[in-house]
Amino acid sequence: MCALLLVVFCVLSVPAHAVQPDEIMKDPAQEGRARNLSKELRCMVCQNQSIDDSDAPLARDLRLLVRERIATGESDQQVLDFLVARYGEFVLLKPRLNLHTLLLWLLTPLVLISGGVALWWHNRRRGRAAGDDEAVMKLTAEEEARIERLIAAETAQDKPV
């Protein structure tokens, strides 16, 4: 019973691909290329899924378009260039590094570096302020003598006679 349950969970845990049997190319090498390209392309409907994983009709159309272009003998780069020219850089799950996407690629490192500098600056200011607080908190010799007299007077009052 446990073995059967384990097999069922293993089968169900395999990622489901949306590629339909009628889409699959006869040549395994071309099908492999098509699958690899489909994993790099964004579904315009789902947006965070590749067209290989999406069941959306537009994703199916894109998968068929990729297979059609591969069947005509185009290289992977030519297929990607065609789709980018038609749909824009957004069709790529990993946008290319160029002038238009430079901010997209540099924004995360810039935010992280800025955050690190801000934390360093804040800690530095806080350390200086703590040093200033210590100088303010120090008692003068006269204040220390007065505290000693007050403590001695209170201790004398608390002693039983």
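A salt bridge is counted here when a side-chain nitrogen of Lys or Arg comes within 4 Å of a carboxyl oxygen of Asp or Glu. The structure shown is a predicted model, and a search through the whole of it turns up five such bridges. One of them joins the side chains of Arg67 and Glu31, with N and O 2.8 Å apart. Arg67 belongs to helix H3 and Glu31 to helix H2, so this pair ties together parts of the structure that sit 36 residues apart in sequence. Charged as they are, both partners are tucked away: Arg67 counts as buried because its relative accessibility is 4%, and Glu31 counts as buried because its own value is 9%.

Glu31 has another partner as well. Arg35 forms a salt bridge with Glu31, and here the closest N and O atoms are 3.8 Å apart. This time the two residues share an element: Arg35 and Glu31 both lie in helix H2, four residues apart, or about one turn of the helix. Put together with Asp52, these residues make up a network, in which salt bridges link Glu31, Arg35, Asp52 and Arg67. Elsewhere, the side chains of Glu74 and Arg69 meet in a salt bridge with an N to O distance of 2.7 Å. Glu74 is buried too, because its relative accessible area is 17%, and the cut-off for buried is under 20%.

Next comes the nonpolar interior. The largest nonpolar core has 19 residues, and those with the most contacts inside it are Leu41, Ile51, Val66, Ile70, Leu83 and Val91. Three helices each supply at least two residues of this core: H2 (28–40), H3 (57–71) and H4 (76–87). The largest share comes from H3, with five residues. Val91 gives a view of the surroundings of one core residue. Setting aside neighbours within four places in sequence, Val91 is in contact with Glu40, Leu41, Arg42, Met44, Leu83 and Val84. Leu41 and Leu83, both on that list, are also among the residues with the most contacts inside the core.

Leu41 turns up again around Ser50, which is found in the loop between H2 and H3. Is Ser50 buried or exposed? Ser50 is buried, because its relative accessible area is 6%. With neighbours within four places in sequence left aside, its contacts are Ser38, Lys39, Leu41, Cys43 and Leu93.

Not every residue of helix H3 is hidden. Ala71, found in that helix, is exposed because its relative accessible area reaches 52%, and the cut-off for exposed is over 50%. Even so, Ala71 touches Met25 and Gln30, not counting residues up to four places away in sequence. Ala71 and Ala34 are 37 residues apart along the chain, yet their C-alpha atoms are 9.7 Å apart in space.

Finally, some nonpolar side chains show up on the outside. A surface patch is formed by Leu97, Leu99, Leu102, Leu104, Trp105, Leu106 and Leu110, and together they have about 740 Å² of accessible area. Leu97 lies in the loop between H4 and helix H5 (102–137). This leucine is exposed, because its relative accessible area is 61%.

Terms used: Residues are numbered from 1 along each chain as its sequence is written. This is a predicted model: local features need pLDDT of at least 70, side-chain atom pairs count only at pLDDT 80 or more; totals for chains, interfaces and linings use all residues. Side-chain values use heavy atoms; hydrogens and water are left out. A nonpolar core is a set of buried Ala, Val, Leu, Ile, Met, Phe, Trp, Tyr and Cys residues joined through side-chain atoms within 4.5 Å. Buried means under 20% relative accessible area, exposed over 50%, partly exposed in between (1.4 Å probe, protein chains only). Contact means heavy atoms within 4.5 Å. Patches are made of residues with over 30% relative accessible area and no salt bridge: like charges are joined within 9 Å, nonpolar side chains (Val, Leu, Ile, Met, Phe, Trp, Tyr) within 5 Å. Accessible areas come from the Shrake-Rupley method with a 1.4 Å probe; for residues, only the protein chains shown count as cover.
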